[in-house]
Amino acid sequence: MEMPVKSIVVVMTSDPTSIRNGQVGDYYLVNGVLYVRVYTGMDNPNAVYGTAIHEIVEALLLINKGTPLEAVDQYDAYYYKHGRCPRCNAIKSEPGDDEHAPYHTEHQAATMIEELFTTLLNEEKSNKPNRA
Ligand SMILES: [Zn+2]
C-alpha cells in the first residue's frame, strides 16, 4: 500500500507571521511531503517540542482518517478572521477545542500526547542531577 506521507519536514521558526491563522503550529501536505511549522517564541522550549509533536500527530491522524487538510485550513481561517466558531459562534482558547472543528477529535488526541510528552520532558529536566 502506498503511503500518503512520504516524508515529514519540521521547520521551527521565530517568525510568527510565517505560520498561518495566528497559531503556534501549522501543517500542510504537498506532493506527499508533510510540512510542519512551529513557532519558537514560546517561553518554555519544551512547549515548542510539544507543539511539533502535536502537529505531527494531529496531521497524521487526519490524513489516516481521510479528512482533507483544506477543511482544517478553512475552519481555522474563518476562526482567525472572526474569532469564533462558524457554526455555534463559541469562542474557545484554541479553534480545535470547539466540537465543530473538523479536526476536533484529532486535536484532543494530539493534546493528550503533547501533554504526556511535555510532562516527560519537564520531569527529565527537573530530575537531572547536577553532574559535570
Ligand atoms: Zn462550534
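Trainee: In what sense do E2 and E3 pair, and over how many bridges?

Mentor: In this predicted model, E2 and E3 run antiparallel to one another and are joined over six bridges. One pair to look for is Tyr-28, which stands opposite Tyr-35 in E3. The hairpin formed by E2 and E3 has two residues between the strands, and within this hairpin Asn-31 takes a positive phi near 50 degrees.

Trainee: How many bridges join E1 to E3, and in which direction do these strands run?

Mentor: Seven bridges join E1 to strand E3, residues 33–39, and these two strands run parallel. As an example, Ser-7 has Val-33 in E3 as its bridge partner.

Trainee: What is the order of the strands in the sheet, and which strands stand at the edges?

Mentor: The three strands form an open sheet in the order E1-E3-E2, with mixed pairing. Strand E1 (7–13) and strand E2 (25–30) each have a single partner strand and stand at the edges, so one side of each is left without a neighbour in the sheet. If direction is ignored, neighbouring strands of this sheet are turned by 15 degrees against each other on average. When you look at the side chains, keep in mind that in a regular strand they alternate between the two faces of the sheet.

Trainee: Which helix packs on the sheet?

Mentor: H1 packs on the sheet, where it touches E1, E2 and E3, and the direction of H1 makes about 150 degrees with that of E3.

Trainee: How should I read the sides of a helix, and which residues of H2 are buried?

Mentor: The general idea is that an α-helix has 3.6 residues a turn, so residues three or four places apart point the same way. In H2, the buried residues are Val-72, Tyr-75, Asp-76 and Tyr-79. Because these residues cover an arc of only 95 degrees around the axis, they lie on the same side of H2. The buried residues of H2 pack against helix H1 (45–65), whereas Glu-70, Lys-81 and His-82 are exposed on the other side of H2.

Trainee: What span should the 14 residues of helix H2 have?

Mentor: At 1.5 Å a residue, helix H2 (residues 69–82) should span 20 Å, and this agrees with its end C-alpha atoms, which are 20 Å apart. Just after H2, Gly-83 takes a positive phi of about 75 degrees.

Trainee: What pattern does the chain follow along the sequence?

Mentor: Read along the sequence, the pattern is β-β-β-α-α-α, and the chain has three helices and three strands. Of its 132 residues, 23% count as buried.

Conventions:
Residues numbered from 1 in each chain as written. Predicted model: local features only at pLDDT ≥ 70, side-chain atom pairs only at ≥ 80, totals over all residues. Helix = DSSP H or I, 4+ residues; strand = E, 2+ residues; numbered from the N terminus. Expected span 1.5 Å × (residues − 1). Buried ≥ 20, exposed ≤ 12 C-beta atoms within 10 Å, placed from the backbone. Arc of directions from axis to C-beta. Contact = placed C-beta atoms within 7 Å. Pairing = 2+ DSSP bridges. Axes fitted to C-alpha atoms, helices over the stretch in contact; angles between N-to-C directions.
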